[in-house]
Amino acid sequence: MDKISIIIDGKKVSVPPDTTILEAARKTQINIPTLCYHPDQNVKGNCRVCIVEIAGANGFAAACCTTVKEGMEIKTNTIRIREARQMVLNLILANHNSQCLSCKRNGNCELQTLSQELNIEEEFLDKVVDLLPIDQSNFSIVRDQTKCIKCGRCIEVCNDVQGVGAIYNVNRSCDMKIAPAYEKGLSEVPCVYCGQCINVCPVGAIYEKEDTKEVWRALEDPNKHVVVQIAPAVRVVLGEEFGMETGSIVTGKIVSFLKRIGFDKVFDTNFTADLTIIEEGNELLHRIKSGGKLPMLTSCSPGWIRYIEFFYPELLQHLSTCKSPQQMFGALVKSYYAEKMGLKPEDIVVVSIMPCTAKKTEAKREEMHLNDYYDVDIVITTRELAKMVRESRIQLRELEEEDFDVPLGLSTGAAAVFGATGGVMEAALRTVYEVVTGDELDKIDFKNLRGIAGFKEATIPVGDLDVNVAVANGLKNAKILLDLIKEGKANYHFIEIMCCPGGCIGGGGQPIPATNSIKEKRIEAIYQVDLQSELRKSHQNPAIKELYEEFLIEPLGEKSHKLLHTHYIDRSKNNKDKRD
Amino acid sequence: MKSFVSKLCGKIMPLSLKEYREHGGFLGLEKALFYMSPQEVIDEIKESRLRGRGGASFPTGVKWQLVAAEGDEEKYVVCNADEGEPGTFKDKALLEGCPFQVIEGLMISAYAVGAYKGYIYIRGEYPNSIDLFKKAINILKKEGYLGENILGQNFSFDIEVRSGAGAYVCGEETALIESIEGNSGSSRFKPPYPPNCGLWGKPTLVNNVETLANIPLIISQGAEEFLKLGTKGSKGTKLISVSGNVVNKGVFEVEFGISLREIIYDICGGLEGNKKLKFIQVGGSSGACLPELLLDLELDFDEFKKHNIGIGSGAILVVDDSCCILDFMRVTTEFFKHESCGKCTTCREGNRHIIKAIDRMIYGSGTERDMQIIKDIATIMRDSSLCGLGQAAPIPVLSLLKHFKDEFQEHINGYCSTGVCNFKGEGKSHG
């Protein structure tokens, strides 16, 4: 295609047709300011911060949604344009609760940065912030509308990426706000608590419910034995919070930090990820042999579980009954580990560090406890871990690396890849193949199941059987598969579904920003952890073998049933009631 | 006064197909279907130099050509009958006076651009019009004017009536399209423009009621006849809705070229109680406010453009000297504050800050700074808003600031010469 020549601030540039002014300007080293624009989302044109002057036009044009035309002369840096942008920003600031110092996003806020970059010297308009209550109705997500700048990113991710539609814009004009229908609390609508809205929010209008204080309190309680587990996707991401390169692996530093602040034991969710593979793999084989419900769906992603409970309760039988690795871990600590250490379960506090906001609610599910105590007591996200690091004043970057404690800290590379989309499937195949055939798997890298694509599938010969598998991430992609299952057209044995785009490395509790290009680097790091592992198949994990020998006896056995498996709830009714 | 596009209004029974036909109804459609190719129809409209009557005055033939040039199999024509501009009620006269004429215009447009489906989007506050159109469409279906192979020709067309819940923004064509699609009415950014990508993502022609009502006449009588009416740059006639402090209020058809003074003093009989004129607002609430000295301006798109004003929908609000400029501005801005869809920053946030500044002025605590705030916000709204609503909302504000600066100054000094504002604050030197 012929290129189009335009002039930006006196500099000639040739770009393909359909290029926006924003993109064209970036080619001339000019970064036009944006606010509602997000690289992974549709162009919205809402905020009007990216306005530029075009010769011959009366008003300004929004650079994000105006495509270039041959001969266009664009000015991005005149007094008129700078003052206009300041005016637009002032209009936004007047309706924004600017209590930056106590804001969750202080230091990592796009509005704050923009105010600085556009040289806002005075907020000269009257403050018109509506005093609206903060929605703290649930265990995962808090919404503070006084901070909302109505960019619409959260609406897009909730409706178009996740297909959940828990929030939308209500009312119009200056009464317009983003909220659940009838301005109910998030707990009253079918929100899955994935937290993807948090990851795209440019300001502090949506954030995780913070539980760090509970952790600090537990650590200083002399009567408590406090153990911690870290999810696979935390170790490749936390470094971003401390200026390290995206994809830095900081496992040893996290372990070292957690020991320094007083955890009695620092364990690894990867241990129970390996265990999940053994239980879930056996469940799959059992279903195949005994004519059980197929395709079997993975069950480790709690946002996904809520989604199917809300929207496809008729397919709950397809879900694996395995608890998620987080919950298996908690259940084992309060049984196997407690017995081993001679501790009372009620004296143990289990803390999880997760990439996920839905995990906070998962830990509070009614069926997730034994006797009177929950499997997992406190869940914090990667972002909250970063806060604890800062509060402690310990310099994470300078810490020596340390190893996890045994036995619940031992794991294989198969567990590590749980953190990326396709990982659970890959780990399961590595084990299922060898369990079924008795042969060693030569090529253990299932590369066609990797990567950020929303949907992947493969057929793997396992003995006499060709096992058809599919992998989806992002709930809208999950929906496509669920509809296929409903229509009887899903010719798969096993399907892995991750709620968040990219898998757990893109979880709602991860450092912000989390664009696709950042997620790709995080995924690379996940497979790096796998490659660096001594053992790369779950069934080779010696601690898991020992666990079965000493305690569980056999996969899918009586103890497993009691501790490691669960059941699901039809929430569609609740969903309807609350919506009507 | 002229009688062209509205000549059948009030003369025939609106739902009598027989009477409509006896007065030349459907001659335009028949001529188009039997004797003209779609391109010839477009050429005829282009030749007539008809410009859109909804407010933007875009050349109608050019717009049709854009839609016709799109290769898509599926195209739509839409009649914008969401007459929501305050002070505008001229489309209602056509909708309820001669629905068949509007439908005929829509049908000819569909034939010309290659559409098989049309929508008439009538504002919810016109229940009578909605009812009439539903009935008119049923009659035409029965008589073979709508449906498959109309008049035995290779042209099939169907029309659906849609209506909004009363949002002003739905008169903006992209918001109107959103509303037809079942979404809440908020504007899309342009480009893409509806002729390329409109309803359901397909090429879509959106025309105003009055524009469409002109079509059958142009086609049946020929562009040449139409060109005899009006001025060099503005052909034909215009329906105007006159309201306010004027003796004769109502809808009038006038030929382009008539002066505003003639409209107000000759046609409408001057101001009520022989009061002094303060200003007229042309084009509805989003139109410019013109002081007496601009009254000799001729109704002509190009003449108006020279003064940077638009004819808009053809509404004229006449205001006498008992009106306080700030009070008027507040009412107007309050309207736009209510009607903004809330999508873009400037339109969503701008109006309420203008109102706050006005309030300070009318309650006696206003300063020069408030005047500057009003001007700055109105300017950013005009220059940076996403759609026509936000761009036009500040037009009255800016025109009032330009022509009545003294009255703002007066309020800053703590005085309202019309006696409308009652200074509750710390009025400075009262009087």
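**Disulfides**

I started with the cysteines of this predicted model. I looked for disulfides over all chains and found zero. A reminder to myself: a disulfide is a covalent bond between the sulfur atoms of two cysteines.

Next I picked out C197(B), which is in no disulfide. Its nearest cysteine sulfur belongs to C65(A), and that is 14 Å away. The cut-off for a disulfide is sulfur atoms within 2.5 Å, so I can see why this pair doesn't count. Is C197(B) buried or exposed? Neither, it turns out: I get 29% relative accessibility, so C197(B) goes down as partly exposed.

Then I tried C324(B), which is in no disulfide either. Here the nearest cysteine sulfur is that of C421(B), 3.6 Å away. That still misses the cut-off, because a disulfide needs the two sulfur atoms within 2.5 Å. I also checked the cover on C324(B): its relative accessible area is 1%, so I wrote it down as buried.

**A sheet in chain A**

I traced an open sheet of five strands in chain A, and I read the order as β2-β1-β5-β3-β4. The pairing in this sheet is mixed. Which strands stand at the edges? They are β2 (11–15) and β4 (61–62) of chain A. Each has a single partner strand, so one side of each is left without a neighbour in the sheet.

I zoomed in on one pair. Strand β3 of chain A, residues 51–54, runs antiparallel to β4(A), and I noted two bridges between them. Across this pair, I51(A) faces A62(A), which sits in β4(A).

**An annotated stretch**

I looked up residues 80–119 of chain A, and the unreviewed UniProt entry annotates them as "domain: 4Fe-4S His(Cys)3-ligated-type". In the model I find this span to be 57% helix and 0% strand. The C-alpha atoms at its two ends lie 14 Å apart.

**Chain A as a whole**

I counted 19 helices and 19 strands in chain A. How compact is chain A? Its radius of gyration is 25 Å, close to the 25 Å that the globule rule gives for 580 residues, so chain A is as compact as a globular protein of that length. I also boxed up its C-alpha atoms along the principal axes and got roughly 80 × 60 × 55 Å.

Of the 580 residues in chain A, 62% count as buried. I put its exposed area at about 23,400 Å², with carbon and sulfur atoms supplying 47% of that. Last, I took the contacts in chain A between residues at least 6 apart in sequence, and 74% of them join residues at least 24 apart.

Methods:
Residues are numbered from 1 along each chain as its sequence is written. Chains are lettered from A and ligands numbered from 1 in the order in which they are written. This is a predicted model: local features need pLDDT of at least 70, side-chain atom pairs count only at pLDDT 80 or more; totals for chains, interfaces and linings use all residues. Side-chain values use heavy atoms; hydrogens and water are left out. UniProt positions are given in the numbering used here, feature names are shortened, and annotations may be inferred rather than shown by experiment. Helices (H or I, at least four residues) and strands (E, at least two) are DSSP runs, numbered from the N terminus. Buried means under 20% relative accessible area, exposed over 50%, partly exposed in between (1.4 Å probe, protein chains only). Two strands pair if DSSP finds at least two bridges between them. The radius of gyration is taken over C-alpha atoms; the globule rule is 2.2 Å times the number of residues to the power 0.38. Contact means heavy atoms within 4.5 Å. Accessible areas come from the Shrake-Rupley method with a 1.4 Å probe; for residues, only the protein chains shown count as cover.
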